[in-house]
Amino acid sequence: MSTVMPSETAAGMDLQDEARKHLWMHFSRMGGYDDEHQIPVITRGEGSYVWDDKGNRYLDGLSGLFCVNAGHGRPELAEAAARQFAELDFFVIWSYAHPRAIELASKLASMTPGDLNKVFFTNGGAESVESAIKLARNYHRLRGNGQKAKIIAREVAYHGTTLGALSATGITSLRSQFEPLAPGTRHVPNTNMYRYPGDRDPILLADAIEEKILFEGPETVAAVILEPVQNAGGCFVPPDGYFQRVREICDRHDVLLISDEVICAWGRLGHYFACERFNYQPDIITTAKALTSAYVPMGAMIASDKVAEPFYEGNESFAHGFTFGGHPIAAAVALANIEIYEKEDLCGHVLAKEDEFRQMLESLSDIPIVGDVRGAGFFHAIELVKDKETMESFDGPDAEKLLRGYLSGELYSRGLICRADDRGDPVIQFAPPLISDTEQFEEIHDVLRPVLEEASRRMIK
Ligand SMILES: Cc1ncc(COP(=O)(O)O)c(C=O)c1O
């Protein structure tokens, strides 16, 4: 691991002040920062840890937003980038190719299940989702079914913020300010099993997709987009047989199945691609984030031979692309990142350690506010409730007080970066780098227990 010190900032620069004045941070309440509520400035990373500008160390319990799966500070990745800079800095893959993009596409095709052999590079998750939505529509059009254009997604699911991807995103508070969105997306229930009636067959959640297809008219539906484990709402795991049923439904109605693996791929669930964990074959995989362990931005949409076929015939082409898609530096880093995965068997490590990780979180179940622990691999959530018996949740002002008024700040000040989130019911999410082990699990536990106990005292009368 590297021991490189943080780069020097411009002479005399007050980072807090300049950040508040000029750095428009994403999804951030910029008006909430002042001398008392400072912007966290992260300056250095190594392994499962990062440091701030004051020298404080944090356990990166979220892998920098589900990204840095191989851990921070890997010299191999820096070296791969440096070698590539010296060889070929940039060339576009619009009508040209270069060795790293070819090698990476070939590598990805060899790692995906089934006939997912056509790799279309992007710069991130939303671009991968946009590409998949456009490909699905275009695919049906080329086959003479131009009316098949609607996309079915799930409530509370997050698929990105560009207008097309946002249309698939099922979070009202993220959508409403930007309406009207791209037309033609519909939403169905997600697999929140914590709140699903115990006497109802969970497979009905898959059947809800078929009902929606039938309601809309199968001749108007292009694709269903689903995450293997849904992130927003707090790591919703599919019930047994869910994806097998969805696959059957999609086949029955000539609807493509898009597996949105922007978070779930790259070992997060113990497999390179998370559809393998749940044993289903998508028509398209969307991925990004940990493809390069996020050392440089890169995403990919990986389509099956079947879906690509109409575009590989005659004069057809997919009239879509991004200047930086398949950037040589990103491709070189992705190849080196995959080499690390293979050499260190990071997927095997996750599968060997996921039970220990989960048991650590479950050991907090005696705390009154801990309602549910769920997830898979190194991707878990704790749902926070007012009342375990009734599963009563914290609503608007209470959730605000709990998450932003206490938990986020307290966990951070005790050296743990994780995500306190209320896009669905309030949860805390954990997704540590895949190199994390017992030591990091214990550290997470030792921060969480007193903080959740205190949260219970504050919030439950
Ligand atoms: C499942 C899923 N899809 C798409 C996206 C969008 O990715 P990006 O932020 O790289 O555009 C995300 C981001 O977290 C995601 O979790």
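# Chat about a predicted model

Visitor: Which residue in S10 is the bridge partner of Leu116?
Guide: Ser304 takes that place in S10, opposite Leu116. One thing to keep in mind as we go: this is a predicted model.

Visitor: Thanks! How many bridges join S4 to S10, and do they run parallel or antiparallel?
Guide: There are six bridges between S4 and strand S10, which spans residues 299-304, and the two strands run antiparallel.

Visitor: And is S4 mostly covered or mostly open?
Guide: Mostly covered: S4 covers residues 116-122, and six of those seven residues are buried.

Visitor: Staying with S10, where are Ser293 and Ala294 found?
Guide: Ser293 is in the loop that links strand S9 (284-287) to S10. Ala294 belongs to the loop between S9 and S10 as well.

Visitor: What is the phi of Ser293, and what about Ala294?
Guide: Ser293 has a phi near 50°, which is positive even though the residue is not a glycine. For Ala294, also not a glycine, phi is positive at about 65°. As background, most residues other than glycine have a negative phi.

Visitor: Why does Ser293 count as buried?
Guide: Ser293 is buried because 29 other C-beta atoms lie within 10 Å of its own, and the cut-off for that label is 20 or more. Ala294 is buried too, with 23 other C-beta atoms within 10 Å.

Visitor: New topic, peptide bonds. Which one is cis?
Guide: The bond from Glu179 to Pro180 is cis, and its omega is near 5°. Pro180 is located in the loop running between helix H7 (172-175) and strand S6 (185-188).

Visitor: Now the ligand. Which of the 13 residues around it come nearest?
Guide: Gly124, Gly125, Ala126, Gly160 and Val262 come nearest out of those 13. Helix H5, residues 125-142, gives the largest share of the shell, with three residues.

Visitor: How does the shell around the ligand divide into nonpolar, polar and charged?
Guide: The split is six nonpolar, five polar and two charged residues.

Visitor: What does the domain assignment of the chain give?
Guide: Domain 1 is made of 15-73 plus 345-459, and domain 2 is 76-343. Their C-alpha centres are 26 Å apart.

Visitor: How many residues are in contact between domain 1 and domain 2?
Guide: On the domain 1 side it is 28 residues, touching 26 residues of domain 2. The elements that give two or more residues to that side of domain 1 are helix H2 (63-66), helix H12 (346-362), strand S11 (370-376), strand S12 (379-384) and strand S15 (427-430). H12 gives the largest share, five residues. By class, the side of domain 1 that touches domain 2 has 16 nonpolar, seven polar and five charged residues.

Visitor: How many residues has the largest nonpolar core?
Guide: That core has 134 residues, and Val224, Leu256, Ile284 and Val333 have the most contacts inside it. Helix H11 (residues 328-344) supplies the largest share, nine residues. Each of domain 1 and domain 2 contributes at least three residues to this core.

Visitor: What is Ile284 in contact with?
Guide: Not counting neighbours within four places in sequence, Ile284 contacts Ala132, Leu135, Leu256, Ile258, Met301, Ile302, Ala303 and Val307.

Visitor: Last area: what order has the open sheet of four strands?
Guide: The order is S1-S2-S3-S13, and the pairing is mixed. Strand S1 (42-46) and strand S13 (416-417) form the edges, each pairing on one side only.

Visitor: In what sense do S3 and S13 pair?
Guide: Strand S3, residues 57-60, pairs with S13 in the parallel sense over two bridges. Within that sheet, Leu59 has Leu416 in S13 as its bridge partner.

Visitor: And where does Asp53 lie?
Guide: Asp53 sits in the loop between strand S2 (49-52) and S3. Asp53 touches Leu15, Val41 and Thr43, leaving out residues up to four places away in sequence.

Visitor: Why is Asp53 called partly exposed?
Guide: Because Asp53 has 16 other C-beta atoms within 10 Å, while buried needs 20 or more and exposed means 12 or fewer.

Methods: Residues are numbered from 1 along each chain as its sequence is written. This is a predicted model: local features need pLDDT of at least 70, side-chain atom pairs count only at pLDDT 80 or more; totals for chains, interfaces and linings use all residues. Two strands pair if DSSP finds at least two bridges between them. A residue is near a molecule or strand if its C-beta atom, placed from the backbone, lies within 6 Å of it. Ala, Val, Leu, Ile, Met, Phe, Trp, Tyr, Cys and Pro count as nonpolar, Asp, Glu, Lys and Arg as charged, and the others, Gly among them, as polar. Two residues are in contact if their C-beta atoms, placed from the backbone, lie within 7 Å. Domain bounds come from an automatic or database domain assignment. A nonpolar core is a set of buried Ala, Val, Leu, Ile, Met, Phe, Trp, Tyr and Cys residues joined through C-beta atoms within 7 Å.
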